[in-house]
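Grab a coffee and work through a few short exercises on the chain shown here. Try each task yourself before reading its solution.

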Amino acid sequence: YDGEAESGISPNGGSSDDKVELGEDGWRAKLSKEQFRVLRQKGTEMPFSGEYNKHYDEGVYGCAGCGAPLYKSTTKFKSGCGWPAFFEVLPGAIERHGDPDGFRIEIVCAKCGGHLGHVFKGEGFPNPVDERHCVNSVSLKFVDEEK
């Protein structure tokens, strides 16, 4: 999976080559301390602590770093893992990279490279692809469908 985008088209209509690159100082100025730790330093928020863990309004979850749309709320499900879980990403929205541990697959925003979390397959969840995208709430920004 190393470096492979889900498709060549980003959800905002541009290609996934339309990268957002701010440099460390730019990201530190734009993000909160916790967002920077998770999105840019590949950290993990504490389980069951994030604002979107039990959030089920209709809309779109985007990247907290660059605003790129990532997941529709209709693909979010209750996994009990302590972080928001999704089974399907918007086309071109993420890239998958093998984690150094050799077990997990890291997912990052295709537009800005921000760390989102990890994807797990074959856990038996009742969704169409038997896949769980385990995403840090702090990596997300929800946009209500009404807006």
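What follows is a set of tasks, each with a worked solution.

Before you start: this is a predicted model, in which local features need pLDDT of at least 70, side-chain atom pairs count only at pLDDT 80 or more, and totals for chains, interfaces and linings use all residues. Residues are numbered from 1 along each chain as its sequence is written, and side-chain values use heavy atoms, with hydrogens and water left out.

**Exercise 1. The overall layout**

Task: Work out how many helices and strands the protein chain has, and in what pattern they come.

Solution:
- Start with the count: the protein chain has 2 helices and 10 strands. Here helices (H or I, at least four residues) and strands (E, at least two) are DSSP runs, numbered from the N terminus.
- Next, walk along the sequence, and you get β-α-α-β-β-β-β-β-β-β-β-β.
- Now look at burial, where buried means under 20% relative accessible area, exposed over 50%, and partly exposed in between (1.4 Å probe, protein chains only). By that cut-off, 49% of the 147 residues are buried.
- Then check contacts, meaning heavy atoms within 4.5 Å. Among contacts in the protein chain with a separation of 6 or more, 56% come from residues 24 or more positions apart.
- Finish with the surface: the accessible area is about 7,800 Å², and carbon and sulfur atoms hold 50% of it. That area comes from the Shrake-Rupley method with a 1.4 Å probe.

**Exercise 2. Around helix 2**

Task: Find out which residues of helix 2 are buried and what they pack against.

Solution:
- List the buried ones: Gln 35, Phe 36, Val 38 and Leu 39.
- Look at their partners, which are helix 1 (23-30), strand 2 and strand 8 (115-121).
- Zoom in on Gln 35, which sits in helix 2. Is Gln 35 buried or exposed? Gln 35 counts as buried because its relative accessibility is 19%.
- Skip the neighbours within four places in sequence, and Gln 35 still touches Arg 40, Ala 64 and Val 138.
- Step past the helix end: Lys 42 follows helix 2 and has a positive phi near 60°. Lys 42 belongs to the loop between helix 2 and strand 2, and it is partly exposed at 48% relative accessibility.
- Keep the background in mind: most residues other than glycine have a negative phi.
- For a second case, try Asp 130, which isn't a glycine yet has a positive phi of about 50°. Asp 130 is in the loop between strand 8 and strand 9 (131-135), and it is partly exposed at 26%.

**Exercise 3. Charges that pair**

Task: Track down some salt bridges and say where their two ends sit.

Solution:
- Fix the rule: a salt bridge is a side-chain nitrogen of Lys or Arg within 4 Å of a carboxyl oxygen of Asp or Glu. The structure holds 9 of them.
- Take Glu 95 and Lys 19, whose closest N and O atoms are 3.0 Å apart. This pair links distant parts of the chain: Glu 95 is in strand 6 (residues 94-98) and Lys 19 is in the loop between strand 1 (4-5) and helix 1, 76 residues apart. Glu 95 is buried at 13%, while Lys 19 is partly exposed at 37%.
- Move to Arg 28 and Glu 24, bridged with closest N and O atoms 3.0 Å apart. They are 4 residues apart in helix 1, so about one helical turn separates them.
- Then try Arg 132 and Glu 123, which meet at 2.7 Å, N to O. Arg 132 is buried at 8%, and Glu 123 is partly exposed at 38%.
- Last, spot the network of salt bridges that links Arg 96, Lys 121 and Glu 131.

**Exercise 4. Charges that cluster**

Task: Find which residues make up the patch of negative charge on the surface.

Solution:
- Name the members: Asp 57, Glu 58, Glu 145 and Glu 146. Patch residues have over 30% relative accessible area and no salt bridge, and like charges are joined within 9 Å.
- Place Glu 58: it lies in the loop between helix 2 (33-40) and strand 2 (59-63), and it is exposed at 52%.
- Place Glu 145: it lies in the segment after strand 10 (140-144), and it is exposed at 54%.
- Connect the two: beyond its neighbours within four places in sequence, Glu 145 is in contact with Glu 58 and Gly 59.
- Check the chain distance as well: Glu 145 and Val 60 are 85 residues apart along the chain, yet their C-alpha atoms are separated by 6.9 Å.

Definitions and conventions: Patches are made of residues with over 30% relative accessible area and no salt bridge: like charges are joined within 9 Å, nonpolar side chains (Val, Leu, Ile, Met, Phe, Trp, Tyr) within 5 Å. Lys and Arg count as positive and Asp and Glu as negative; His and the chain ends are not counted. The place of a charge is taken as NZ of Lys, CZ of Arg, CG of Asp or CD of Glu.
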